[in-house]
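This report describes how the strands of one sheet are arranged and what packs against them. Please keep the sequence and the model at hand while reading.

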Amino acid sequence: MTLSSTDGDDLARDLGLVDSRHLDARHHVALVGGGGKTTLMHAIGSALDGPTILTCTTKMGADQHRGRPVLISPSDDAVRVGLREHGRVMVLRGVLGQKGVGITPERADELFRLGVHVVAESDGSRRRPAKAPHWYEPVLARTVTMVICVIGADALDRTIEDQCHRPLRVGAVLGCSPYDRLTPERAAELVTSPNGGRKDVPPEARFVVCLTKVDASVGALAERFVDAVAARGVAVRAVTHLSGG
């Protein structure tokens with residue numbers, strides 16, 4: 001495996017989300033896991049061709065709009081106007097303190113049926129690079145066409161308790177102690193497990209693993225992780241550089 005620097009355009013193209021032969025295709029991308037979902041959401045949203053809605057179906061920082069217009073519980077007509085004027089907008093159900101409250105999966109389905117791209121953060125990790133989902137996670141819409149499970153390279157070979165959200169659940173998925181290390185091989189099992197990163201993925205949706213925050217200090221660990229994920233028959237991408245866009 002060769003690690004190379006990439007940006008949102010390159011990543012979206014590599015994932016098949018940007019294709020000049022199919023400009024009329026529309027994508028509903030859900031981001032789950034840990035390790036940089038918000039940055040990835042904005043990067044993919046910037047790269048997609050055509051009107052694009054950025055949103056979440058859980059909660060996210062209310063300040064994570066990165067300068068994009070934010071529409072709160074808008075009507076379909078208000079969404080159309082916002083997209084016509086700006087091309088890309090963020091849609092939330094509301095704001096509660098420092099948190100943006102996400103839309104329901106049903107509303108995400110409705111927005112996708114407007115004929116636009118939807119990129120949704122569909123899981124929470126409390127800023128930890130890796131996690132295992134609770135029983136009610138992730139929150140996926142029915143029309144999702146691609147699920148990207150994100151994990152940060154800073155979790156590799158570190159103690160599960162220190163680096164993972166819901167460490168007891170991580171240990172349960174992997175059959176180990178939360179005080180054990182998240183080796184690259186364990187991390188690969190975590191993100192591809194139906195009780196981990198692949199939980200509740202619709203059978204018709206593409207599933208991809210994305211390893212973020214890769215640099216020279218974790219190069220060997222990243223290679224082991226990518227090889228272990230690929231051996232499980234799952235598409236995987238390693239990102240050494242990604243701008244939020």
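In this predicted model, 8 strands form an open sheet in the order β4-β5-β2-β8-β1-β10-β12-β13, and their pairing is parallel. The edges are taken by β4 (70-72) and β13 (235-238), each of which has a single partner strand, so one side of each is left without a neighbour in the sheet. From one strand to the next, the twist averages 25°.

Two helices pack on this sheet. Helix α3, residues 76-86, touches β2, β4 and β5 (88-92), and its direction makes about 150° with that of β5. Helix α8, residues 219-231, touches β10 (146-152), β12 (206-212) and β13, and its direction makes about 165° with that of β13.

Within the sheet order, β8 stands between β2 and β1, and its pairing with these two strands is summarised below.

| Strand | Residues | Pairing with β8 |
|---|---|---|
| β1 | residues 28-33 | parallel, 4 bridges |
| β2 | residues 52-56 | parallel, 5 bridges |

On the β1 side, Ala30 stands opposite Ala120 in β8. In β2, Ile53 stands opposite Val118 of β8, while Thr55 stands opposite Ala120.

How much of β8 is buried? Strand β8, residues 117-121, is mostly covered, with 5 of its 5 residues buried. Both of its faces are covered, since His117, Val119 and Glu121 on one side are buried, as are Val118 and Ala120 on the other.

Terms used. Residues numbered from 1 in each chain as written. Predicted model: local features only at pLDDT ≥ 70, side-chain atom pairs only at ≥ 80, totals over all residues. Heavy atoms only, no water. Buried < 20%, exposed > 50% of the residue type's maximum accessible area, 1.4 Å probe, protein only. Pairing = 2+ DSSP bridges. Axes fitted to C-alpha atoms, helices over the stretch in contact; angles between N-to-C directions. Contact = heavy atoms within 4.5 Å.
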